[in-house]
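I opened my notebook to work through this structure step by step. My notes follow the order in which I looked things up.

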Amino acid sequence: MDRKRTALTVAAAGTATGVVGLILLATPAGAGEQPPALPEISPEALVESVIKTEKIPAMSGAVEFTSDLGIPVPGLPQAGSGGEAAHVYTDGEGRARVSISQGGSERTIVHDGTTTWMWNSADRSVQKMVSGEHEKKTAEHKLADPATAAREFIGLMGKDSTITVDGTARVADRPVYQLVLTPKPTERTLLREVRVAVDSETRLPLRLEVLANGQAEPALRIGFTDFETGAQDASLFTYTPPAGAKVTESKPGDHKPSEAELKEKQNLFESIDGKTVGEGWDTVLVGKVPAELLTGEVKSGERGTTDPSRLLKQFGKEVSGPFGTGYVISSKVGTLLVTADGRAALGAVPQQVLVDALGAK
Amino acid sequence: MTAMTLGEIQRPDARRAPLGRLLRSELRMVLRRPRTLILVGLLALVPVIAGIGIWIAADASANSGNSVDEGLAGLVDGNGLLLPVFALVIGLNMLLPLTGAMLAADALAGEAASGTMRTLLLAPVSRSRLLAVKAFGVATVTLFVVALMAFTGTIAGVILLGGDGMMTMSGTTLPLGEALGRILLTVLLVTVQVWALAAVALAVSAWTEHPLIVVVVALGVVILSGVLSAIPALDWLDPVLMTTSWMGIPEVIRDPLPTGTLTEGVLRAACYIVIGYSLALSRMLSRDG
């Protein structure tokens, strides 16, 4: 019977070790830890120090993005198979490298001080841009940089919110202050609060969480899962396009759009006629939807043609009111209303606010 | 159990056979099985076939102007050193787990089915050593198969698709030496993942006498993991699923190397290896012959 007992011990010990290992792997770092003790700071002082920190130190960080909006939103970075959506490197002197994984492909953006290179592995293309133009081009990639996104948000929303410091926590294994922005009671919004984790040392926002009413988990969360300051390998900030890649080059003022192109753009811009109604949390973006968008078929990328009005009917709910009839698409953090006569309103607000905004026009 | 004790008593001087000889004879035995040889040959052909496929597709798409394919496959065209990585990644979907499961099935359940297990248990070799020799056989042949796939893949890639250096998914070019380093790293990572599945299969193999059951259970584990990881509501389960590490393998061709994901994959595999082998060992120790 001795051998049987040994056998059981071996089985139990080995299985337990393996299972504990798996559980440890599944446990996010820092879970269940005591929040770090940090010196007290007033919300005002914290906000000011965040907005003042323009310079990002030399660092490397992994960024994770999760969303629970209730509807799929195209264009947002997807979490990669490893859960890492992007990796950011900077050398503290304006040179940076961002890698964004999108499903099976990757985008790499390298800014070496004078030139910006944008690589897309899906079609093996490289865009080369000499400085000056990259700021607006990379605007879409700011999403991948939680520090910038959070700082802009605080600057924008500060005056319509109650700002509190809700203790401390650990993000990416660094002690942080939890800055909480709550909409003032007069604000009519779907959002309950926005939480920004501010690094106690560098005063960089390390995580941004958007929580909607009646939701325990954040509707949107973007933040570093790994963050290390320190000098980075200089070779990260240089880029040589690989052989066989399509390189397109553009310089500031190099691309002169033809007159017809310009006119078309202007027409489209005029036809949308966008403006904002209200300010702060219940800002509503009001505009017109170009008629051909509502009735015709629009080519959207590689997926062939889609009919936007059919999409509206599929995702939206038919409503009517003082504005006539239309479709409303609601998610946990925002609502979109498109009327039958081609007006549209969008905001992080309940449907009624959109209706008011359309009426105010 | 009694037989074992008797054996020890009758031949006290021959209690331990030299380990090297045991390992050699096990390897010789595994590699002499016709089914192993056929499997090894077919797996070595996989990268070549994949290379020819991409070569033809690239020719066709050069005329139409579209890119070959999305993701990894799209990068392999004109980038031959990526072919072994690509071949191993697609191999890990089904073919390599199948190989690992088959080897594990033959190792213990196969012996039991053909009645030779009894002889092995009577031999002057301790049970734990017997399992170690069997596990060694499975692990070495797995490593051999994976390395062979990488080898034929590299050769086929360079000949069919060409390209000097390796273009990574991050759009950088690695020189030949570093590229070969990445291929070697892929071989090791893929091998460890196959070992993890083979360890689970070996545990099943110790408990049954039907090799087919081992293969079915192992593939069931693979398919179930795949299904569970595809359900968004069960995302919290992902960190413990074996297939999560498998899907992380293509990260190996990103630059700089994302060590975090890859290390986590190896650790996860190590957990499964510990569980699998300890369960197999406990069955071997308590087995009556």
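**A strand pair, then its sheet**

I began with strand β10 (residues 205–212) of chain A, which is joined to strand β11 (residues 220–229) of chain A by four bridges. The two strands run antiparallel. I noted that this is a predicted model. I then looked for a residue pair and found A:Leu208 opposite A:Ile222 in β11(A).

Next I looked at helix α2 (residues 43–52) of chain A. This helix packs on the sheet and touches β7, β8 (174–183), β9 (191–199) and β10 of chain A. Its direction makes about 75 degrees with that of β7(A).

Then I traced the whole sheet. It is open and has twelve strands, with mixed pairing. I wrote down the order in chain A as β7-β8-β9-β10-β11-β1-β2-β3-β4-β5-β6-β12. Which strands are at the edges? They are β7 (161–171) and β12 (246–250) of chain A, and each pairs on one side only. Neighbouring strands are turned by 15 degrees against each other on average, direction ignored. I added a reminder that strands of a sheet pair through backbone hydrogen bonds.

**Two hairpins**

I moved on to strand β17 (residues 317–321) of chain A. Five bridges join β17(A) to strand β18 (residues 324–330) of chain A, and the two run antiparallel. They form a hairpin with two residues between them. A:Glu318 has A:Tyr327 in β18(A) as its bridge partner.

I followed A:Tyr327 further and found A:Val338 opposite it in β19(A). Strand β19 (residues 335–339) of chain A is antiparallel to β18(A), with five bridges joining them. How many residues lie between β18(A) and β19(A) in their hairpin? I counted four residues.

**Where the chains meet**

I turned to the contact between the chains. Chain A gives 36 residues and chain B gives 40 residues. The area buried between them is about 3,000 Å², and carbon and sulfur atoms give 62% of it. I checked which residues of chain A supply the most. A:Arg3, A:Leu25 and A:Arg124 supply 23% of the area that chain A buries against chain B, more than any other three residues.

I looked for charged pairs and found one salt bridge between the chains. The side chains of B:Arg254 and A:Glu106 form it, at 2.8 Å from N to O. I also found seven residue pairs in polar contact across the interface. Last, I asked which element leads on the side of chain A that touches chain B. It is α1(A), with the largest share, 15 residues. By class, that side has 14 nonpolar, 15 polar and seven charged residues.

Definitions and conventions:
Residues are numbered from 1 along each chain as its sequence is written. Chains are lettered from A and ligands numbered from 1 in the order in which they are written. This is a predicted model: local features need pLDDT of at least 70, side-chain atom pairs count only at pLDDT 80 or more; totals for chains, interfaces and linings use all residues. Side-chain values use heavy atoms; hydrogens and water are left out. Contact means heavy atoms within 4.5 Å. Buried area is the accessible area (1.4 Å probe) that two parts lose on being put together, summed over both. A salt bridge is a side-chain nitrogen of Lys or Arg within 4 Å of a carboxyl oxygen of Asp or Glu. A polar contact is a pair of N or O atoms within 3.5 Å; within protein, one must be able to donate a hydrogen and the other to accept it, and residues adjacent in sequence count only if both atoms are side-chain atoms. Ala, Val, Leu, Ile, Met, Phe, Trp, Tyr, Cys and Pro count as nonpolar, Asp, Glu, Lys and Arg as charged, and the others, Gly among them, as polar. Two strands pair if DSSP finds at least two bridges between them. Axes are lines fitted to C-alpha atoms, for helices over the stretch in contact, and angles run from 0 to 180 degrees between N-to-C directions.
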